[in-house]
Amino acid sequence: MNEYLLTLERLYPHIVQVESIGRTFEGRDLLLIKIGANPNNPTILIDAGIHAREWIAPPVALYIINQLVENPANYRLYQNVNWNIIPSLNPDGYEFSRSSTWNRLWRKTRQPNQSSSCIGTDPNRNFEYYWMFAGASADPCDETYAGPQPFSEPETAALATYALRNRHQIKLYISFHSYGNMILYPWGYTNDLPDNADELQWLGELAGLAIGRVSTLNSRYVVGSSTNVLYAAAGGSDDWVKGVTGVGLAYTIELPAGGLFGFNPPATSILPIVQETFEGITIFHAYVEAAYSKN
Ligand SMILES: [Zn+2]
């Protein structure tokens, strides 16, 4: 993945820039690719792979990057809107989930915990907004362990630092997860709805319909707030982005399921999933362009 981003930067230096926003516990660079024609344009921030086992998420991010940079038919998509994309936000966990079949369902980071032999924190419970308020565990051996304190994980801290620094430019945030065909928005810590829930619901439904229209897998997305559609889970990245940075539009997208445990769509489904999801992404782009571009 990193090789691909760096290759694009080399081949398309006029529209692509790659930067490391930080390092993982094991020392891997967290690479973010910027795609755009003008740094002052409104920006869409996307990450994938914060949960290690959700293998379909990074390919979705990579396909968006591929389509933006390498498909000339899409050049309009980066004229008035910038894209900041992190295709692998938890590469330590991702590599661990690949290292043997026993580790395939690894979800968390790989940082050890004091006073426990259990390793890792759920990075999507580790953000500092109503941290540990609901749906998060204080037990290091649990899959939803929120960490010893907010931003204990270098991966979540790196994303937060980047998002805060660029909060005036960022207009929309999407975090890709799997699975369940859901387009979710805050809040995850409460079943209360944010002030702009109507806007979030409407835009999410438009994107979901666009995916459904082209889907060859019969994908049908459910749209709603995390707590109401899925379950209460505080400390998620979308809650933090919306609650702390002031970015109005924040989503978590649960991609389609596949395989015995849901995290293994067959190889033949990868291309259909990434292609249909890109249709939804063009809807988010159109809205950001219409609402925030000055051009
Ligand atoms: Zn997830």
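Modeller: Helices here are DSSP runs of H or I with at least four residues, and strands are runs of E with at least two. This is a predicted model, and over residues 1-288 the chain is 34% helix and 17% strand.

Biologist: Happy to start there! Where does the range 1-288 appear in UniProt?

Modeller: An unreviewed UniProt entry lists residues 1-288 as "domain: Peptidase M14".

Biologist: Now the metal. What makes His51, Glu54 and His177 donors of the zinc ion?

Modeller: Donors are N, O and S atoms within 2.8 Å of this metal. His51 (ND1), two OE atoms of Glu54 and His177 (ND1) lie 2.1 to 2.4 Å from the zinc ion, so they qualify.

Biologist: Why is the arrangement around the zinc ion called irregular?

Modeller: Four donors count as tetrahedral if all angles lie between 85 and 135 degrees. The 4 donor atoms here subtend angles of 58 to 149°, so the arrangement is irregular.

Biologist: Why do you say that Glu54 and His177 tie parts of the chain together?

Modeller: Glu54 sits in the loop between β3 (43-48) and α2, while His177 belongs to strand β5 (residues 170-178), so the pair joins parts that are 123 residues apart in sequence. Both of these residues are buried, too.

Biologist: Lovely. Which residues have the most contacts inside the largest nonpolar core?

Modeller: Ile64, Trp83, Phe176 and Tyr251 do, in a core of 49 residues. Helix α2 (residues 57-70) gives the most to this core, with 9 residues.

Biologist: And what does Phe176 touch?

Modeller: Its contacts include Ile46, Val60, Ile64, Ile253 and Ile281.

Key. Residues are numbered from 1 along each chain as its sequence is written. This is a predicted model: local features need pLDDT of at least 70, side-chain atom pairs count only at pLDDT 80 or more; totals for chains, interfaces and linings use all residues. Side-chain values use heavy atoms; hydrogens and water are left out. A nonpolar core is a set of buried Ala, Val, Leu, Ile, Met, Phe, Trp, Tyr and Cys residues joined through side-chain atoms within 4.5 Å. Buried means under 20% relative accessible area, exposed over 50%, partly exposed in between (1.4 Å probe, protein chains only). Contact means heavy atoms within 4.5 Å. UniProt positions are given in the numbering used here, feature names are shortened, and annotations may be inferred rather than shown by experiment. Donors are N, O and S atoms within 2.8 Å of the metal (3.2 Å for Na, K and Ca); water is not among the atoms, so sites may look incomplete. Four donors count as tetrahedral if all angles lie between 85 and 135 degrees; four count as square planar and six as octahedral if opposite donors are over 155 degrees apart and all others between 65 and 115; anything else is irregular. Lists of a residue's contacts leave out its neighbours within four places in sequence.
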